[in-house]
Every structure is written in structure tokens, then in C-alpha cells.
Amino acid sequence: MNAWMVWATLAGAVVILELFSGTFYLLMISFGLLAGAVAAFLSAGTSVQLLTAALVGTAATLALHNSQYGWKGNKDAARDPNVNMDIGQTLTVSEWQEQSGGRYTSRAMYRGAMWDVELQHVTGYPGEYVIQEIQGSRLIVRPV
């Protein structure tokens, strides 16, 4: 079996593994393996084949990582409206109690239940507020 066939078989095996993983990263590695197959087909030495496969696989993986389809950092679920439908909703607060450090707290009815509400770095006045974050049973809000 020729060297390029070995590289191509390895690339095919990695593509099959990619089908089980659900990401595109193994596919990028298989591009590197195919580049090694091309280098072997062109009768390059073993070290050139390995270097070609490593460079193309690394470049493809980095390009995927930096694209819109790459790995995204973990978002804070307490602030993510895609995770919690209450983020961005409004509620009415009738009174605030000033706490230490410029914090204001209150209790407010929201979706049929009483919630602890916290306002930071702003003076609290009765009125409408938008939910920015949820920490346990506490709503962190800002003025509308």
C-alpha cells in the first residue's frame, strides 16, 4: 500500500469519527491528513508529509475556531435571554429599600409570584424596570 493511500485511509477514518462527534474539528484534521496524502502522492519525503499534514490541519482548525461556527465561550446563563425567557422582560417595583454599598432591594410580584429584586449603582424609584439577570430567586434589574 502506497503512503498516500495510508494518509487517505486515515483521513477517511477521521471523517467517520467526525460523524459521531457532531463538531467540525475532526473534519479540519482530516483536511490535514488529505494534505499529507497529496504530499505523499507528489513523492515528498516522510518528514515533509508529516509537516504538511500538521500545518494544514492546524491552520484549518484555527480558521474554524475563529469563524462563526467555531467554539464559543460559555455565556453566563443568568444573563442569556436564549436560556432564560425572563431576561429583558419588565416588572413594576413599588418601593425600594436602600442597602449598604449603593444597592437597593425590594420584593415585587412577577409572573404570579413574589421575587427578590435588586438594583445596583442607581437610585431606586418606584416604576418600571427591565430584568438584566437572574441569580437564584433574585432578579437583577435596571431602569427602563
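The buried residues of helix H3 are covered by surroundings that include H1 and H2, and this packing in the predicted model is a convenient place to begin. H3, which spans residues 46-66, has 21 residues that should extend over 30 Å at 1.5 Å a residue, and its end C-alpha atoms are indeed 30 Å apart, so the expected and computed spans agree. Its buried residues are Gln49, Ala53, Gly57, Ala60 and Leu64; because they fall within an arc of 70° when the helix is seen down its axis, they line one face of H3. An α-helix has 3.6 residues a turn, so residues three or four places apart point the same way. On the face of H3 turned away from this buried side are the exposed residues Ser47, Leu51, Leu55 and Asn66.

The helix at the start of the chain can be read in a similar manner. H1 covers residues 3-21, and its 19 residues reach 27 Å from the first C-alpha to the last, close to the 27 Å expected at 1.5 Å a residue. Trp7, Ala11, Val14 and Glu18 are the buried residues of H1, and since they lie within an arc of 65° when viewed down the helix axis, they too line one face. The covering of these buried residues includes H2 and H3, whereas Leu17, Leu19 and Phe20 are exposed on the face of H1 that is turned away from the buried side. After H1 comes Gly22, with a positive phi near 85°.

Two residues of H1 deserve a separate look. Why does Glu18, which lies in H1, count as buried? The reason is its relative accessibility of 9%, which falls under the 20% limit for a buried residue. Leaving aside its neighbours within four places in sequence, Glu18 is in contact with Thr23, Phe24, Tyr25, Leu26 and Leu27, while its C-alpha atom is separated by 9.6 Å from that of Met28, ten residues apart from it along the chain. Thr9 is also found in H1, but with a relative accessible area of 48% this residue is partly exposed. The C-alpha atoms of Thr9 and Ser30 are 10.0 Å apart in space, although the two residues are 21 residues apart in sequence.

Both of these partners belong to H2, where Met28 and Ser30 are buried together with Gly32, Leu33, Ala35, Gly36, Ala37, Ala39 and Ala40. H2 runs over residues 25-41; its 17 residues reach 25 Å from the first C-alpha to the last, close to the 24 Å expected at 1.5 Å a residue. What covers the buried residues of H2 includes H1 and H3, and just after this helix Ser43 takes a positive phi of about 65°. An unreviewed UniProt entry lists residues 31-64 as "transmembrane region". Over that range the chain is 88% helix and 0% strand, and the end C-alpha atoms are 12 Å apart.

Further along the chain, the description turns to strands. The largest nonpolar core has 15 residues, and those with the most contacts inside it are Leu91, Val93, Trp96, Val117, Ile131, Leu139 and Val141. At least two residues of this core are supplied by each of the strands S1 (90-93), S3 (103-110), S4 (113-120), S5 (127-135) and S6 (138-143). Apart from this core lies another, of seven residues, among them Trp7, Ala11, Val14 and Ala53; of these, Trp7, Ala11 and Val14 are buried residues of H1, and Ala53 is one of the buried residues of H3.

Which residues of S1 point to the buried face, and which to the other? Along this strand the side chains alternate, with Leu91 and Val93 buried on one face and Thr90 and Thr92 pointing to the other, where they are not buried. Leu91, leaving aside its neighbours within four places in sequence, is in contact with Ala108, Tyr110, Val117, Gly127, Glu128, Tyr129, Ile131, Leu139 and Val141. S1 and S5 run antiparallel and are joined by four bridges, and Thr90 has Val130 as its bridge partner in S5.

A hairpin completes this tour. Strand S2, at residues 97-98, runs antiparallel to S3 and is joined to it by two bridges, with Gln97 paired to Thr105 of S3. Four residues lie between the strands of this hairpin, in which Gly101 takes a positive phi near 75°.

Key. Residues are numbered from 1 along each chain as its sequence is written. This is a predicted model: local features need pLDDT of at least 70, side-chain atom pairs count only at pLDDT 80 or more; totals for chains, interfaces and linings use all residues. Side-chain values use heavy atoms; hydrogens and water are left out. UniProt positions are given in the numbering used here, feature names are shortened, and annotations may be inferred rather than shown by experiment. The expected span of a helix is 1.5 Å times one less than its number of residues. Buried means under 20% relative accessible area, exposed over 50%, partly exposed in between (1.4 Å probe, protein chains only). The arc is that of the directions from the helix axis to the C-beta atoms. Contact means heavy atoms within 4.5 Å. A nonpolar core is a set of buried Ala, Val, Leu, Ile, Met, Phe, Trp, Tyr and Cys residues joined through side-chain atoms within 4.5 Å. Two strands pair if DSSP finds at least two bridges between them.
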